[in-house]
Amino acid sequence: MNKYSGKTVSNGIAIGPAYVMRDAGSGYATGVPVSEPDRVETELVRLEQAIEATKLHMDKMVLDAGVKAGKEAAQIFLMHKLILDGKEFRSLARLCIEDGQMNAEDAVIQTGEVLASKFDETDDEYMRERADDVRDIAREVLNALKDKSGVIEDTAESYPHILIAQSLLPGEVMELDRENVLAIVTVAGSTTSHAAILAHMMDIPMIVSVPLDLDLIEDGTPVYVNADAGEVILSPDVDYIEQAHQSADPVRSALLDLKGRETVSLSGRHVDLYANIASVVDMKKAVENDAEGIGLYRSEFMFMGRLEPPSEDEQYAVFRKLLGMNKDRVLTVRTIDIGGDKILSYADTKGLRGLGASLEHEELLRSQMRALVRASLYGRLRIMYPYVTGAEEVVRANSLFGEVKWNLLSTVGSVTIPQGIMIENVEAVERIDELLPHADFLSIGTNDLTCDLYGINRFSDADGVINDNYENLFDMISRVVFKAHKADKKVSICGEIASRREYTSRLLDTEADCLSVAPAEILLMRDHIINRCR
Ligand code: PEP
Ligand code: MG
């Protein structure tokens, strides 16, 4: 029995046979057939075709990532596509062919390495990790040159296994078969690499920086991974596993005991604990973790990473499925939040954001509203408008919604669907008195509100930039909640700050009615509020 330690990326315990991915992380699968240097023209055409094919494949990856792992995951592949689409990658690869007399494969490998080494050389850890993204992009283009879609070929990984690799690239994580990968162990890698972020969102137990010698591990070797403790054991003995399970069990079963419990703090403050979701997979997790409702379904991910919008029927099928899974609990669907970093290839948002942007594309909003009204017969549906900036746009959206309901009256009858607004910028906070009469409930999007309030963007490390420990943000939330309660309307908090246990007491002080958090956080947060918050 050999025991190793590493850094935990994502928690969980698993046991299974090893599957060692020996060429993972390098960016280039071994055995790439490199053809003889060909005529320059032919190689340039091959390069362009491979880049175009890769962009299409990346569109699919964005969609798959959104469904399997949520918004941030989808953004990784959107970023890959932007890099590939940018001038640098293409012109460097062309130069390698034209001046370096290389074939397309060599040109892509060379380009990947040159661009990656630029990132490798920086002092900033975040930037260094972007080197892996560039290698991943080059790997995808090479796959396209070989006329395959990037799927890892092998049969050894077609049974449930512990995946062991030197390191992994984001694309390699996305292509994993979630059913069969019980856990991931890598020799290199950091907890903040995109591959790690993806594995975390996909809820795969993962440990990085484990000093294993891959040459000494045979496929099929039994491996025990306790990511909670950051340990990996090769060929574990049975007694050890039993003991480890027993010590982990009390924590897990204590949390499971919280299912069905009301979320009330030590001093008797009640709060609804809802989940944020972006896919049917997330909904399953939310139900398993006993979310009391869904406070935010980010519907725009259905629209992203594709060349045309989903049809009304496609959307209807998803909403109906989500409502069916959620039984008698509330499902809050946010209407498409586009603009900013949420780009649609088929709809120019002209610098607008949220509700304002979707009103510019009324046909998209109308078809989504029709799908919502039709699906509303199957559960407790609420809708809310993103990133509102003033009453006039909410009035326009409400009247469009009224018209849609009227047009469907003969098919679905009269339906009541509460309609809320998201407060996500300072302007909306300042105009709260004029907004309140037009909404049934409010949801505060602290992710965007934080950016607007402190003048930062969504990719900044807010903790490192702000210096008031979010006090101005909490004051704003308190002001909004106070006014909303006077108007007899409820407020939920659905930004990431709602998951941060160090701020829970402060959020409860704002008297918000609901916290909406990632599905995996529900029971941990309930435990925290019941046992540690006043
Ligand atoms: C927010 O801004 O806090 C929010 C929940 O919306 P998103 O993160 O989708 O922008
Ligand atoms: Mg937002």
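Q: What is a cavity?
A: A cavity is a set of grid points where a 1.4 Å probe fits but cannot get out. Rolling a probe the size of a water molecule over the atoms shows where empty space is left. The model here is predicted.

Q: How many cavities of 30 Å³ or more does the structure hold?
A: The structure holds 1 cavity of that size. About 70 Å³ of space lies in the largest cavity. Its lining has 15 residues, and R298, R334, E424, N447 and D448 are the closest to its centre.

Q: Which elements supply the lining of the largest cavity?
A: Look at β10 and α17, each of which supplies at least two lining residues. The largest share comes from α17, with 3 residues.

Q: What classes of residue make up the lining of the largest cavity?
A: Sort the lining by class: 8 residues are charged, 4 are polar and 3 are nonpolar.

Q: What takes up the space of the largest cavity?
A: Ligand 1 does. Turn next to the residues around the ligand.

Q: How many residues surround ligand 1, and which are the closest?
A: The count is 14, with R298, R334, E424, N447 and R458 the closest. By class, this shell has 8 charged, 4 polar and 2 nonpolar residues.

Q: Which elements each supply at least two residues of the shell around ligand 1?
A: They are β10, spanning 293-298, and α17, spanning 446-454. The most comes from α17, which gives 3 residues to the shell.

Q: Which atoms should I check for polar contacts with ligand 1?
A: Look for pairs of N or O atoms within 3.5 Å. Start with the backbone. A polar backbone atom of N447 is 2.7 Å from an oxygen atom of ligand 1. For T446, a backbone N or O atom lies 3.0 Å from a ligand 1 oxygen. Then take a side chain: a polar atom in that of D448 lies 3.0 Å from an oxygen atom of ligand 1.

Q: How much of the accessible area of ligand 1 does the protein cover?
A: On its own, ligand 1 has 290 Å² of accessible area, and the protein covers 100% of that area.

Conventions
Residues numbered from 1 in each chain as written. Chains lettered and ligands numbered in written order. Predicted model: local features only at pLDDT ≥ 70, side-chain atom pairs only at ≥ 80, totals over all residues. Heavy atoms only, no water. Near = heavy atom within 4 Å. Polar contact = N/O pair within 3.5 Å; in protein donor to acceptor, adjacent residues only side chain to side chain. Areas by Shrake-Rupley, 256 points an atom, 1.4 Å probe, with all protein chains shown as cover. 1 Å grid on protein atoms, 1.4 Å probe; cavity = no way out; pocket = protein on both sides within 12 Å on 5 of 7 lines; lining within 4 Å. Sits in = over half its atoms within 2 Å of the grid points. Helix = DSSP H or I, 4+ residues; strand = E, 2+ residues; numbered from the N terminus. Nonpolar A, V, L, I, M, F, W, Y, C, P; charged D, E, K, R; others polar. Points joined across faces, edges and corners; volume = space filled by probe spheres on them.
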